Amino acid sequence: MRAKQMPSSILTRSKSPVILLFAVTILALSFFFFFLFSPSSTTTTTAAVTVPYRHPSVRPETSFVASLEHFLAHKAPKIPASSDDTVGSVIDHDVRRLDERKFVKEMEWLRGDPYYPMSMPVRVYVYEMPSKFTYDLLWLFRNTYRETSNLTSNGSPVHRLIEQHSIDYWLWADLIAPESERLLKNVVRVVKQEEADLFYVPFFTTISFFLLEKQQCKALYREALKWVTDQPAWKRSEGRDHIFPIHHPWSFKSVRRYVKNAIWLLPDMDSTGNWYKPGQVSLEKDLILPYVPNVDLCDAKCLLESESKRTALLFFRGRLKRNAGGKIRAKIGAELTGAKDVVIEEGTAGEGGKAAAQKGMRRSIFCLSPAGDTPSSARLFDAIVSGCIPVIISDELELPFEGILDYRKMAVFISSTDAVQPGWILRYLTSISSTQIREMRRNLAEYSRHFVYSNPAQPLGPEDLVWRMMAGKLVNIKLHTRRSQRVVKETRSVCTCDCRRSNSTHSNPIN
């Protein structure tokens, strides 16, 4: 029996809602699968790893004072007390036990990681020192930095100097931050000493030097030294895998001969011998870090706007009378003062000096960067972040991260011999073509990120490059540690009891 045939008009009307419902369903499913499998949803993690240049919600703070205010107000009291396996009284058994745990862990890495010991991230154990070495000193700075009348013997504002050498704060603040707030992937904090490649000593040597009375400072230095050298990890390696921030050449000076094996974070090597004793510092062992810039970063917009305003050929502002290698400043100043399109100004690093230096650098093509009391000068990094091509006159200068960065692409190097020849500097600078200048300026814009400390620390920032450089030192650190352990062990095996007692008496000269 045939089915009853319906009129075509009724059939059409009955199919329309079904077709519409089907189309809507297909469309909804299409949107669902698009968002479920789209690149933005499936590669979020990958994108965060491959292009980790900005934190999605936190704007990096580059001002030391502003960052410190926030740190002390919001983070310092809330930092959880992680387990610290250091001990107060160390005996040989403690050192041997740590050495055995360390051996087990290193064998595990050797078998499981084909790139060990060159693998990343660098594992850092951060000592939890008593607050008198850390937070108390930060609070001391915070409560006194407005006292601008506090000057050094040569008239430099003390708190400005502390800011310039505040690398200890920036590194420490990043290392102890919760992992969820950190952006750097090449360094990780560990809470067990046997898991560490390196040990970070968070003692603020520059703040204590400038803000404490002389005898009080020396006493604190001795206490910090004893605290660190009493740790099992220190005794195991004799400090070779320990990092000390000693960025001002005057800081920690009274006791640093006892930590000469440690890795020092320095402003330069000072091969003249005026600040460091022979054998205390070396490029193999230590690491040079840039000063914290004294001026604000001239970003892409600033660089574009300042292009037409750079009417001065050469700019310098600072003290012309310096010691040691910096004596060349007076000769250069006398040679250049009054020359056409050259600005030479005497000045300090106070608030007014900062504004004047920033204005002058942003209006100049080249910025003079001669040696100061040491081969390095904060002025070099001020010039870099200002988009002003540095003219470096310092024959003994070792530059930060030079194993990674090629300074020839964004700076001009002039020997001291040439610099004091009448007319030589200006003839050389005017011979540089506009094409070369534009290329160096472009490189400056790219390089400036490597010299801007921030919280949170940014990938490709100075904190990041510190750990890239440290990774390259790990093999040598392990080598020298092994050799020292072997020698010590062999010496002890043939040593008499009286000799052992004598060694223990002299092992810590500050007791």
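A salt bridge here is a side-chain nitrogen of Lys or Arg within 4 Å of a carboxyl oxygen of Asp or Glu. By that yardstick, a search of the whole structure turns up 22 salt bridges. The structure is a predicted model, with local features needing pLDDT of at least 70, side-chain atom pairs counting only at pLDDT 80 or more, and totals for chains, interfaces and linings using all residues. Residues are numbered from 1 along each chain as its sequence is written, and side-chain values use heavy atoms, with hydrogens and water left out.

As for the overall make-up, the protein has 20 helices and 11 strands (DSSP runs numbered from the N terminus: H or I of at least four residues for helices, E of at least two for strands). Of its 511 residues, 49% are buried; buried means under 20% relative accessible area, exposed means over 50%, and partly exposed is in between, with a 1.4 Å probe and protein chains only. Taking contacts (heavy atoms within 4.5 Å) between residues at least 6 apart in sequence, 74% join residues at least 24 apart.

Back to the salt bridges. Arg123 pairs with Asp197, with 3.4 Å between the closest N and O atoms. That pair links distant parts of the chain, since Arg123 sits in strand β1 (residues 122-126) and Asp197 in the loop between β2 (187-190) and β3 (198-200), 74 residues apart. Arg123 counts as buried because its relative accessible area is 15%, and Asp197 is buried too, at 5%. Arg182 and Asp174 also meet in a salt bridge, at 3.0 Å from N to O, and both of these residues are buried. A third pair is Lys354 and Asp296, whose closest N and O atoms are 3.7 Å apart. Lys354 belongs to helix α14 and Asp296 to the loop between β6 (287-288) and α12, so this bridge ties together parts that are 58 residues apart in sequence. Lys354 is buried, with a relative accessible area of 18%, whereas Asp296 is partly exposed at 40%. Through shared partners, salt bridges also join Asp174, Glu179 and Arg182 into one network.

Helix α14 (residues 351-361) also holds Ala355. This alanine counts as partly exposed because its relative accessibility is 48%. Ala355 and Asn294 are 61 residues apart in sequence, with a C-alpha to C-alpha distance of 9.6 Å.

What does a buried arginine do without a salt bridge? Arg310 is such a case: the nearest side chain of opposite charge, Glu307, is 5.6 Å away (Lys and Arg count as positive, Asp and Glu as negative; His and the chain ends are not counted). Arg310 is in the loop between α12 (300-306) and β7 (312-318). Its side chain makes polar contacts instead, reaching the backbone oxygen of Ser364 at 2.8 Å and placing a polar atom 2.9 Å from the backbone oxygen of Met361. A polar contact is a pair of N or O atoms within 3.5 Å; within protein, one must be able to donate a hydrogen and the other to accept it, and residues adjacent in sequence count only if both atoms are side-chain atoms. Leaving out residues up to four places away in sequence, Arg310 touches ten partners' worth of surroundings that include Leu303, Arg362, Arg363, Ile365, Cys388 and Arg441. The residues touched by Arg310 also include Ser386 and Gly387.

Turning to the nonpolar interior, the largest nonpolar core has 118 residues. A nonpolar core is a set of buried Ala, Val, Leu, Ile, Met, Phe, Trp, Tyr and Cys residues joined through side-chain atoms within 4.5 Å. The residues with the most contacts inside this core are Phe71, Phe203, Phe244, Leu314, Phe366 and Trp467. Domain 1 (64-75 + 87-288) and domain 2 (300-451) both contribute residues, so the core lies between them; the domain bounds come from an automatic or database domain assignment. A second, separate core of 5 residues includes Phe315, Met361, Cys367 and Ala383.

In helix α6 (residues 135-144), the buried residues are Tyr135, Leu137, Leu138, Phe141 and Thr144. Their cover includes α4 (64-75), α7 (158-164), α8 (167-175), α9 (205-211) and α10 (214-229).

A few backbone details round things off. Asn455 and Pro456 are joined by a cis peptide bond, with omega about 0 degrees, and Pro456 is in the loop between α18 (434-447) and α19 (462-493). Phe252, a residue other than glycine, has a positive phi near 60 degrees. Phe252 lies in the loop between β4 (242-245) and β5 (263-266) and is buried, with a relative accessible area of 0%. Asp341 is not a glycine either, yet has a positive phi of about 60 degrees. Asp341 is in the loop between α13 (328-336) and β8 (342-346) and is partly exposed, at 41%.
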